[in-house]
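Let's take a walk through this structure together, one piece at a time. Have the sequence and the 3D view open as you read.

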There are 2 protein chains.
Amino acid sequence: MALSDPMRLRIIRSMVNQQGCMSCTEAAPCPNMAKSTLSNHFRVLREAGLIHTEKRGVEHRNIVRLDDVEARFPGLLKTILAFSDTEDKERWRAPPP
Amino acid sequence: MALSDPMRLRIIRSMVNQQGCMSCTEAAPCPNMAKSTLSNHFRVLREAGLIHTEKRGVEHRNIVRLDDVEARFPGLLKTILAFSDTEDKERWRAPPP
DNA sequence: TCAATAGTTCCATAATATCGAACAATTGAA
DNA sequence: TTCAATTGTTCGATATTATGGAACTATTGA
């Protein structure tokens with residue numbers, strides 16, 4: 001699944017929070033991520049129908065297909081995006097059993 | 001992340017729908033899944049703090065730690081479980097661009 | 001005591017994320 | 001026009017992870 005990957009989730013999060021188009025570089029989860037890796041994630045997101053990409057000049061403008069995603073996964077984006085990005089590592093650490 | 005894997009998601013789904021304890025075999029996503037694979041998924045879920053496992057006789061009884069999960073990921077389980085299992089393949093197929 | 005059952009552990013294989021290097025396309029400046 | 005800079009893509013290699021099979025452990029019941 002396209003949204004299974006933590007990095008792709010962070011990409012989507014960036015784009016939704018921005019409320020508009022972003023270039024691939026702008027939406028990168030971390031500044032030191034390799035261009036090839038980033039490009040691959042955007043390809044997966046595109047092929048999954050989660051984002052739309054439009055070539056504008058030298059860069060690619062990407063936008064989340066909010067309506068389509070909401071239609072297929074009602075409430076999912078809203079729920080996932082409610083978790084702040086910076087706390088993810090903390091959040092995923094297991095509490096004592 | 002423990003919930004990133006589709007198989008683990010189906011395991012959790014089984015357990016929540018059952019509203020109680022399930023043995024590892026009972027909660028298996030598919031009947032032909034190898035025992036070792038299943039065991040590994042349960043270990044990941046345990047270590048992530050998503051389920052609690054208790055040895056009872058020859059089998060292990062597992063239960064989803066609903067309160068803990070809800071506290072860490074408000075609304076996540078409810079949202080994810082709203083997607084019926086059998087339609088997942090359809091759902092994850094991309095719509096036309 | 002012993003066979004059957006339920007999981008675990010270990011090793012090998014397949015799928016996927018990641019990175020670096022080379023490449024293509026577009027823009028803007030010399 | 002020509003060329004350097006910018007933005008992504010493609011390709012090959014490596015690391016991580018899911019999967020399956022075989023051997024093992026623990027527990028139950030005959």
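Before we start on the sheet, one bit of vocabulary: two strands count as paired if DSSP finds at least two bridges between them. Also keep in mind that what you're looking at is a predicted model.

With that in hand, go to chain B. In β3(B), the residue that bridges to B:Ser23 is B:Arg61. That bridge belongs to the pairing of β1(B) with β3(B), which is antiparallel and has two bridges. Now look at B:Arg61 again, since B:Glu54 also has B:Arg61 as its bridge partner in β3(B). Here we're in the pairing of β2(B) with β3(B), again antiparallel, with six bridges joining the two.

Put those pairings together and you get an open sheet of three strands in chain B, in the order β1-β3-β2. Because β1 (22-23) and β2 (51-56) are at the edges with a single partner strand each, one side of each has no neighbour in the sheet. If you follow the chain from β2(B) to β3(B), you'll go round a hairpin with two residues between the strands. One spot to check in that turn is B:Gly57, where phi is positive, at about 65°.

Next, add the helices of chain B. Helix α1 (residues 6-18) lies across β1, β2 and β3, and its direction makes an angle of about 80° with β3(B). Helix α2(B) lies across β2 and β3, at about 120° to β2(B).

Just ahead of α1 in chain B there's a segment that holds B:Ser4. Is B:Ser4 buried or exposed? Its relative accessibility is 15%, so B:Ser4 counts as buried, the cut-off being under 20%. A polar atom of the B:Ser4 side chain sits 2.9 Å from the backbone oxygen of A:Ser4, which takes us over to the other protein chain.

Now for the DNA, starting with strand C. Which residues come nearest to DNA strand C? Out of 22 residues around this strand, they are A:Ser36, A:His41, B:Thr25, B:Lys35 and B:Ser39. Among the strand C atoms within 4 Å of the protein, 60% are in sugar or phosphate, and the rest are in bases. For some individual contacts, try A:Arg8, which has a polar side-chain atom 3.0 Å from a phosphate oxygen of strand C. B:Cys24 uses a polar backbone atom instead, 2.8 Å from a phosphate oxygen of strand C. At B:Val58, a backbone N or O atom is 3.1 Å from a sugar or linking oxygen of strand C. Several elements give at least two residues each to this surface: α1 (6-18) and α2 (35-47) from chain A, plus α2 (35-47) and β3 (59-64) from chain B.

Then turn to DNA strand D. Of the 22 residues around it, A:Thr25, A:Lys35, A:Ser39, B:Ser36 and B:His41 come nearest. One of these, A:Ser39, has a polar side-chain atom 2.5 Å from a phosphate oxygen of strand D. A side-chain N or O atom of B:Thr37 is 3.3 Å from a phosphate oxygen of strand D. On this surface, two or more residues come from each of α2 and β3 (59-64) of chain A, and α1 and α2 of chain B. By class, the surface near strand D has six nonpolar, 10 polar and six charged residues.

Terms used
Residues numbered from 1 in each chain as written. Chains lettered and ligands numbered in written order. Predicted model: local features only at pLDDT ≥ 70, side-chain atom pairs only at ≥ 80, totals over all residues. Heavy atoms only, no water. Near = heavy atom within 4 Å. Polar contact = N/O pair within 3.5 Å; in protein donor to acceptor, adjacent residues only side chain to side chain. Helix = DSSP H or I, 4+ residues; strand = E, 2+ residues; numbered from the N terminus. Contact = heavy atoms within 4.5 Å. Axes fitted to C-alpha atoms, helices over the stretch in contact; angles between N-to-C directions. Nonpolar A, V, L, I, M, F, W, Y, C, P; charged D, E, K, R; others polar. Buried < 20%, exposed > 50% of the residue type's maximum accessible area, 1.4 Å probe, protein only.
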